[in-house]
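Student: Could you walk me through this chain in plain terms? I have the sequence and the picture open, and I'd like to ask as we go.

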Amino acid sequence: MNKFAWLMLTVLTMVSALIQPWLTAVFLSLNLLTISLYYLDKRAAIKSSRRISEKTLHLCALFGGWPAALLGQFHFRHKTQKKPFIRILWCCIVVNIAVISAAGYVYLDWTTVQMS
């Protein structure tokens, strides 16, 4: 799974760089934030201190940080046994991909109309 997440992160970064360069910075920043939150939450779980909410982790994944969420989940071995969390994470991934795909379709359709 780690290789899949790294591959997806690389591919999505390259695609976003081709579409809009600023999108790459946003995408990488969000993924860096997401993996940092997974790391901090795992450390907090080990130390029994204040945790990062699952809602926050899911929102980061929903907004595009899901490759880093997958990496963080498997690299830190964090939240890998919690089935409801995993189901919601995968729903976030599907919704993010659907929204980005629809936005890309509309954007490409709009640019085609503008060029005509």
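Tutor: What follows is a conversation about this predicted model, taken topic by topic.

Student: Ok, how many helices and strands does the chain have?

Tutor: The chain has 4 helices and 0 strands, and reading along the sequence gives the pattern α-α-α-α. Of its 116 residues, 33% count as buried.

Student: And which contacts join residues that are far apart in sequence?

Tutor: I can give you the share: if you take contacts between residues at least 6 apart in sequence, 65% of them join residues at least 24 apart.

Student: Helix α3 looks odd to me. What span would a straight helix of 22 residues have, and what does α3 span?

Tutor: A straight helix of 22 residues would span 32 Å, at 1.5 Å a residue, whereas helix α3, which runs over residues 54-75, spans only 18 Å between its end C-alpha atoms.

Student: Where is the kink in α3?

Tutor: The kink lies at glycine 65 and is about 130°, and it comes shortly before proline 67.

Student: What comes just after α3?

Tutor: Just after α3 you reach arginine 77, which takes a positive phi of about 50°, although arginine 77 is not a glycine. Most residues other than glycine have a negative phi. Arginine 77 sits in the loop between α3 and α4, and with a relative accessible area of 65% it is exposed.

Student: Which residue in that loop, lysine 79, say: buried or exposed?

Tutor: Lysine 79, found in the loop between α3 and α4, is buried, with a relative accessible area of 14%. Lysine 79 also has a positive phi, of about 65°, although it is not a glycine.

Student: What does the side chain of glutamine 73 reach?

Tutor: The side chain of glutamine 73 reaches the backbone oxygen of lysine 79 at 2.8 Å, which connects a residue of helix α3 with one in the loop between α3 and α4.

Student: Is glutamine 73 buried or exposed, then?

Tutor: Glutamine 73 is buried, because its relative accessible area is 1% and the cut-off for buried is under 20%. Leaving out residues up to four places away in sequence, glutamine 73 touches Tyr38, His78, Lys79, Thr80, Phe85, Ile86 and Leu89.

Student: Switching topic: how many aromatic pairs does the count come to?

Tutor: The count comes to 2 aromatic pairs. One is formed by tyrosine 38 and phenylalanine 85, whose ring centres are 6.5 Å apart with planes at 70°, so that pair is edge-to-face. Tyrosine 38 lies in helix α2 and phenylalanine 85 in helix α4 (residues 83-115), so the pair ties together parts that are 47 residues apart in sequence.

Student: Are those two rings' residues buried or exposed?

Tutor: Tyrosine 38 is buried, with a relative accessible area of 0%, and phenylalanine 85 is buried too, at 1%.

Student: What about the pair of tyrosine 39 and phenylalanine 76: how far apart are the ring centres?

Tutor: The ring centres of tyrosine 39 and phenylalanine 76 are 5.5 Å apart, and their planes are at 55°, so this pair is tilted. The pair links distant parts of the chain, with tyrosine 39 in helix α2 and phenylalanine 76 in the loop between α3 and α4, 37 residues apart. Tyrosine 39 counts as partly exposed, at 37% relative accessibility.

Student: Back to helix α2 for a second, what does alanine 45 touch?

Tutor: Alanine 45, which is found in helix α2 (residues 21-47), touches Arg51 and His78, not counting residues up to four places away in sequence. The C-alpha atoms of alanine 45 and histidine 78 are separated by 9.1 Å, although the two residues are 33 residues apart along the chain. At 31% relative accessibility, alanine 45 counts as partly exposed.

Student: Last one: how many disulfides are there, and why is there no bond at cysteine 91?

Tutor: The count comes to 0 disulfides. The sulfur of cysteine 91 is 7.1 Å from the closest cysteine sulfur, which belongs to cysteine 92, and that is too far for a bond, because a disulfide needs the two sulfur atoms within 2.5 Å. As for cysteine 60, it is buried, with a relative accessible area of 8%.

How values were computed:
Residues numbered from 1 in each chain as written. Predicted model: local features only at pLDDT ≥ 70, side-chain atom pairs only at ≥ 80, totals over all residues. Heavy atoms only, no water. Helix = DSSP H or I, 4+ residues; strand = E, 2+ residues; numbered from the N terminus. Expected span 1.5 Å × (residues − 1). Bend = angle between axes of the 7 residues up to and from the residue. Buried < 20%, exposed > 50% of the residue type's maximum accessible area, 1.4 Å probe, protein only. Polar contact = N/O pair within 3.5 Å; in protein donor to acceptor, adjacent residues only side chain to side chain. Contact = heavy atoms within 4.5 Å. Phe/Tyr/Trp six-rings, centres within 6.5 Å; stacked < 30°, edge-to-face > 60°.
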